[in-house]
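Here are some notes to go with the model, written for someone meeting it for the first time. Please keep the structure open beside you as you read.

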Amino acid sequence: MNPPTSDEPLIVEDDRTGNRVETLKRAILDNLNYIVARVPKRATPHDYFAAVAYTVRDRIIAGWIKTIEKYGRHDVRVVCYLSAEFLMGPYLANNILNLGLDAPIRQAMTELGIDVNHIIEQESEPGLGNGGLGRLAACYLDSMATLGVPAIGYGIRYEFGIFQQSIHDGWQVELTDYWLRNGNPWEIRRSMDGVDVHFGGHTESYIDDHNRFKVRWLPHATVRGIPFDTPIPGYASGIVNNLRLWRSEAPESFYFEKFNSGDYLGAVSGKTFAENISKVLYPNDEEIQGKELRLQQQYFFVSCALQDMIRLHLRFGRQLDTFHQKWAVQLNDTHPSIGVAELMRLLVDEHGMAWDHAWNITSHTFSYTNHTLLPEALERWPLPLFSSLLPRHIEIIYEINRRFLDQVRTRFPGDEGRVARMSIIDEHGEKFVRMAHLATVGSSAVNGVAELHSQLVKTELLRDFYEMWPEKFLNVTNGVTPRRWLAVANPEQSALMTSKIGDGWVRNLDELSRLEEYADDSQFRAEWAKVQRHVKARLANYIHDKTGISVDPSSMNDVIAKRIHEYKRQHLKVLHVLTLYHRLKSNPGLDIVPRTFLFGGKAAPGYFMAKLIIKLINSVGEVVNGDRDVNGRLKVVFLPDYNVSFGQKVYPAADLSEQISTAGKEASGTGNMKFAMNGALTIGTLDGANIEIRDAVGHENFFLFGLTTEQVESTKAAGYHPRDLYNSNPVLREVIDSLVSGQFSRGDQSLFRPLVDSLLNADNYLLFADYQSYIDCQDRVDEAYRNHDSWTRMSVLNAARMGKFSSDRAVGEYVHHIWKVAEMSAYSD
């Protein structure tokens, strides 16, 4: 580097915090040498990734320290987001973007001879989530930091993720997701902030020195919760919040006396029990041992989080009387709802607070987000299991329930049916603890995640509670962060948009509406289409690398990527594929729009029907992809291992987004938002957030089919007979018959019989009822796609009108209507 001239001031930056290219180059090489312990000529791509990650982390930590000091100086109220999942995705690219380091760090890496994109690809994806629930939590953390909302995310530091998905002979195979194999440069272990969490045992009552009735919990087992902190920087905000994840360890990992006496297993048994709690995300809960571990996990991280909040509250010199004024705790679905009983235990048993005072604090601390309308997804714990694992908590829940039901009887005298329905304890047959009821009773606000969903929560799912407390219920439609899902995932489209409207949309997605004026600009549409072709070609290469299947980038990318579940109806998409296939077999010269049908998603390990659907997709693909009559016009691809990295490749390359769940079953969906934000057109039912997306982008830019929620209910109420639809529709009958003919199962006529029998005899999610409407709508999609210029115009309008679906908007609504916290922009410093 040349010395500065007399006119140039000498700029000396701290290598830990400076952002100039030369400073970044020095920092990367220093971290490579002194943290990674490699010299450049011996360094692997992963070594360089670690060096760059530590370089970026240094700059985040500088902002983190300033943020903590600012929060303390202003004595802010803090949002604590409790979630069993945080599907964060790889951190490096997102952190570089949020810090404004993209240009200098890319130049620094290029000058060091490092392929930037190759290094970014080295990062392992944190295995901390499964699907929409965990990804929503991650989006909200990003938005809270961007908006300057004081916040901490609390969850579990799972050693193993849900699983890595591999496909063998068409079947899903679950492989260990050891995401920590190469370490995690972003996290910081905080051993001194560890807390004890108890399980099992029994309780005993006593009278204390002040003649007060007290209960003491004598646990059978104790584990140690150790927090690991990951700083979460906001986009261009200067705010860095914290994601605190807890690992379960034994208080004493090795019992030397037992070892010396020859009890070698006993010497480490406590370590095994403790470490199992944070070992794996969502163990298979088909067996009682799995259910017990799930409950242990939920109580473990919630207890750790609440103890941590109380510790911080007291450290700041506050009285516990003000706890609810300084902490807003959001329950992300029912998984953390045990927190209601745990905070009562901590306040009453550990800190000597009177019950009524403790309940006032507790019920003004929590808010509850419901994420599902499926009864089987609303957690209910068998009473014997719950009582044996958490004996003090069941006593507290019984007391909460007794007092609550007294309120119900006062409000609705003589209505014992309502009392039974609303009870936290389900008394019918085998007794259960209803966690959604506990969350609702113990929270100051209950929200759904889309307008339709919130309405159904009030009128169906929690109707009795709504009639008692209508003021508690409100809607906050989900949103996704444009930083991850546009700026990082689709840099080409982002650059094109920025060239026309500036980069303000990254922080304020409503600014995308300015793109509408370019929808009728033929030159802009040509540029938009060119970007899409480039992105699709990149995905085609990735598909070939991962599956060996060659796809045509000029074909329509017709994508359904989400968790595999019968209500999400991936098998309805298969019926469409088979309908087109049979058309081509009947008329090989038929002029159809070439399509690549891309499926992605994981099935829960114990969910047989979902795994059979994956097998069906791959079996149909095996036949269709190799059929000469088809001649490549249809390709079926199941792309394995659906996660954030998968989404960043797939969402930008989709032409058609399949959002085809049965109306009234999907709470919201967020994949629908990510697809549309990247310019994909949607085919979907009036379900979840589809309704609001359709209203936003324009009904003419959305392909609607299927029964409405009301029609679904009336169809079932009238007596639904799917076999009648099968018999009356010859095309549907041909498709269904082919599934059990052996044509798609190498001659095995029984392979898909369970799926076919389920559809013919029950069809719980009304595939047959929606089949013809879906096929007709897909034919309209074909016609629309033939006019590429018109399709491109609709694509532009879809992206331009997605401003509402930013997670920044959603978090803003939580801030103002539920959490009542001040954004840091309200403070002068």
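**Aromatic rings, helices and loops**

1. A good place to begin is a group of four residues: Tyr-81, Tyr-140, Tyr-814 and Trp-819 are joined into a cluster by ring pairs. Please bear in mind throughout that this is a predicted model.

2. Aromatic pairs turn up elsewhere too, and a search of the whole structure gives 20 of them. One of these joins Phe-404 and Trp-469, whose ring centres are 5.6 Å apart with 35 degrees between the planes, a tilted arrangement. Which parts of the chain does this pair tie together? Phe-404 belongs to helix α14 (residues 391-411), while Trp-469 is in the loop between α18 (463-468) and β17 (473-475), so the pair ties together parts 65 residues apart in sequence.

3. Are these two residues buried or exposed? Phe-404 is buried, with a relative accessibility of 1%. Trp-469 counts as buried as well, at 13%, because the cut-off for buried is under 20% relative accessible area.

4. Another pair to look up is Trp-485 with Tyr-651: the ring centres are 5.3 Å apart and the planes meet at 80 degrees, so this pair is edge-to-face. Trp-485 sits in helix α19 (residues 482-488) and Tyr-651 in the loop between α24 (644-650) and β21 (656-659), so parts 166 residues apart in sequence are tied together here. Both Trp-485 and Tyr-651 are buried.

5. Rings also have charged partners in this model. Trp-469, met above in the pair with Phe-404, has Lys-472 over its face, at 3.8 Å from the ring centre. In another place, the ring of Tyr-206 has the charged end of Arg-216 over it, 4.0 Å from the ring centre.

6. Now for some helix packing. Two packed helices are described by the angle between their axes and the distance between the axes. For helix α1 (residues 21-34) and helix α2 (residues 45-74), the angle is about 120 degrees and the axes are 8 Å apart. That makes α1 oblique to α2, and the crossing is right-handed. Residues of α1 in this contact include Leu-24, Ala-27 and Ile-28, and those of α2 include Tyr-48, Ala-51 and Val-52.

7. Helix α12 (residues 355-363) deserves a look of its own. Which of its residues are buried? They are Trp-355, Ala-358, Ile-361, Thr-362 and Ser-363. The partners they pack against are α10 (323-326), α11 (339-350), β12 (366-369), α14 and β16 (443-448).

8. How do α12 and α14 cross? Their axes come within 13 Å, at an angle of roughly 85 degrees, so α12 is roughly perpendicular to α14. On the α12 side, Trp-355, Asp-356 and Trp-359 make the contact, meeting Ile-396, Glu-399, Ile-400 and Arg-403 of α14.

9. Finally, please check two backbone angles. Asp-169 is not a glycine, yet its phi is positive, at about 55 degrees. Asp-169 lies in the loop between β3 (164-168) and β4 (171-175) and is partly exposed, with 48% relative accessibility. Arg-746 likewise has a positive phi, near 55 degrees, in a residue other than glycine. Arg-746 is found in the loop between α29 (730-739) and α30 (753-761), and at 61% relative accessibility Arg-746 is exposed.

Notes. Residues are numbered from 1 along each chain as its sequence is written. This is a predicted model: local features need pLDDT of at least 70, side-chain atom pairs count only at pLDDT 80 or more; totals for chains, interfaces and linings use all residues. Side-chain values use heavy atoms; hydrogens and water are left out. Rings of Phe, Tyr and Trp (its six-membered ring) pair if their centres lie within 6.5 Å; planes under 30 degrees apart count as stacked, over 60 as edge-to-face and the rest as tilted. Helices (H or I, at least four residues) and strands (E, at least two) are DSSP runs, numbered from the N terminus. Buried means under 20% relative accessible area, exposed over 50%, partly exposed in between (1.4 Å probe, protein chains only). A charge sits over a ring if NZ of Lys or CZ of Arg is within 6 Å of the ring centre and within 35 degrees of the ring normal. Axes are lines fitted to C-alpha atoms, for helices over the stretch in contact, and angles run from 0 to 180 degrees between N-to-C directions. Angles under 35 degrees count as roughly parallel, over 145 as roughly antiparallel, 65 to 115 as roughly perpendicular and the rest as oblique. A crossing is left-handed if the near helix is turned anticlockwise from the far one by less than a right angle, and right-handed if clockwise. Contact means heavy atoms within 4.5 Å.
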